[in-house]
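This report covers a tryptophan and its surroundings, a set of aromatic pairs and the packing of two helices. The sequence and structure come first.

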Amino acid sequence: MSRSKAILVTILMLLVAAPASAAVNPLVDLVSLDSVMRWINAYRTNPDPSGVPAAVKALSRFGSFKDPEQSGVFVGFLAGVIATNPDKADQLVNKMLPLPPGDQWVVVRAIAYSGHPDWRNMLRRFAAKLPARQVLIDKYLTGQLPRLYQYEKEPSISTWDTVKSKVTGKDLPKAHVLEPSPELLDTYWGYYFATGHARPISRIIEMLPWSLEVDSVDKLTLGSMAKYTLASNASRDPELLVALRETRERTTKETAKVLTQVIDAADTVDTAKLRKEAMAAIEELRRKGPAYRRNVSWWGQIGQGALAVGCIAAAATGQVYLGLPCVITGGVSSAALSSWEKQQ
């Protein structure tokens, strides 16, 4: 099973959970990973912070923190609990510990992601109880690792930094921001499950235009996952559905177009259609390749432009910035065009 599919399965296990009381009954609610997920999904309807430490320890027993790329929903949930219970945060974290060395990263990241007004001192206070993650703690405290809302959909680099890099030969500065990923999508959902806040939902909505992506399978997959999970949750969460309608009225045309499809799927409880369409689009992009590559032959055939031989060679080896071939005026080399087509 691919990583994207595994993550989507994790999300779906949360989505099928029916809202219920969030009070923990250890004999019923914490006997399996599925039962803990159901409890997490119901949490925002009846918050029970006192039950969170037991849930964290249960997840640790089930091995749920072994793969960070598939643990985003748990990190986000724990971060949201800490954020909404600032006065109880130390007490809650104390009850979660000790954890095995391999699982301690979850607590560190959740504290850093929480937005708690005293999150730095919290990390310092618990450092002795998280001995396996001292490097991770130090990187968050020194700003070398981004926190949950230090996020850019398309990380930008200034013209000056680009010029300076060319002149000095040094690498471009690496921005300390989170980049879009299935793990980040999961994390935003986890934060929402704990808080019901609008902010993580707004970040998920920002990913929706990628469901129309024609050049990147990764972006198309992420945008489609955002679209599907929003529709699935909104079909069961009236407040979320209202929020999506309100957002549609003040967002960009591109995002509003996709949001309309999300809202319609939620209203009609027809999310299966979105899933099928997404899988078909992803498979087509994988089979045919990026649209900019497919358009090379089209440009050559109708004579609307030409590709520089150097650009074709660079694009074929993945060296063209932004992944787009260079279009120039002039004649096209049939040999170069043929070489490009063989890359498809």
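Beyond its neighbours within four places in sequence, Trp119 is in contact with Ile111, Ala112, Ser114, Tyr140 and Arg147. The model is predicted. Trp119 is located in helix H8, which covers residues 119-126. Its relative accessibility is 5%, and because buried means under 20%, Trp119 counts as buried. Pro86 is 33 residues away from Trp119 along the chain, and the C-alpha atoms of Trp119 and Pro86 are separated by 9.5 Å.

**Aromatic pairs**

A pair of aromatic rings is described by the distance of the centres and the angle of the planes. The structure contains 9 aromatic pairs. Two of them are listed here, with both values for each.

| Pair | Centre to centre | Between the planes | Geometry |
|---|---|---|---|
| Trp39 and Tyr43 | 5.5 Å | 70° | edge-to-face |
| Tyr149 and Tyr191 | 5.9 Å | 85° | edge-to-face |

In the pair of Tyr149 and Tyr191, Tyr149 lies in the loop between helix H9 (134-141) and helix H10 (159-168), while Tyr191 lies in helix H11, so the pair ties together parts that are 42 residues apart in sequence. Tyr149 has a relative accessible area of 17% and is therefore buried. Tyr191 has a relative accessibility of 7% and so counts as buried as well.

Trp39 and Tyr43 are both buried. These two residues also belong to a cluster, in which ring pairs link Trp39, Tyr43 and Phe77.

**Packing of H11 and H13**

Helix H11, the element that holds Tyr191, spans residues 182-195 and packs with helix H13, residues 217-234. The angle between H11 and H13 is about 20°, and their axes are 10 Å apart. Angles under 35 degrees count as roughly parallel, so H11 and H13 are roughly parallel to each other. The crossing in which H11 passes H13 is right-handed.

Which residues of H11 and H13 meet? From H11 these are Pro182, Leu185, Trp189 and Phe193. On the side of H13, they meet Leu222, Met225, Ala226, Thr229, Leu230 and Asn233. By class, the contact of H11 with H13 consists of 8 nonpolar and 2 polar residues, with no charged residues.

Conventions: Residues are numbered from 1 along each chain as its sequence is written. This is a predicted model: local features need pLDDT of at least 70, side-chain atom pairs count only at pLDDT 80 or more; totals for chains, interfaces and linings use all residues. Side-chain values use heavy atoms; hydrogens and water are left out. Axes are lines fitted to C-alpha atoms, for helices over the stretch in contact, and angles run from 0 to 180 degrees between N-to-C directions. Helices (H or I, at least four residues) and strands (E, at least two) are DSSP runs, numbered from the N terminus. Angles under 35 degrees count as roughly parallel, over 145 as roughly antiparallel, 65 to 115 as roughly perpendicular and the rest as oblique. A crossing is left-handed if the near helix is turned anticlockwise from the far one by less than a right angle, and right-handed if clockwise. Contact means heavy atoms within 4.5 Å. Ala, Val, Leu, Ile, Met, Phe, Trp, Tyr, Cys and Pro count as nonpolar, Asp, Glu, Lys and Arg as charged, and the others, Gly among them, as polar. Buried means under 20% relative accessible area, exposed over 50%, partly exposed in between (1.4 Å probe, protein chains only). Rings of Phe, Tyr and Trp (its six-membered ring) pair if their centres lie within 6.5 Å; planes under 30 degrees apart count as stacked, over 60 as edge-to-face and the rest as tilted.
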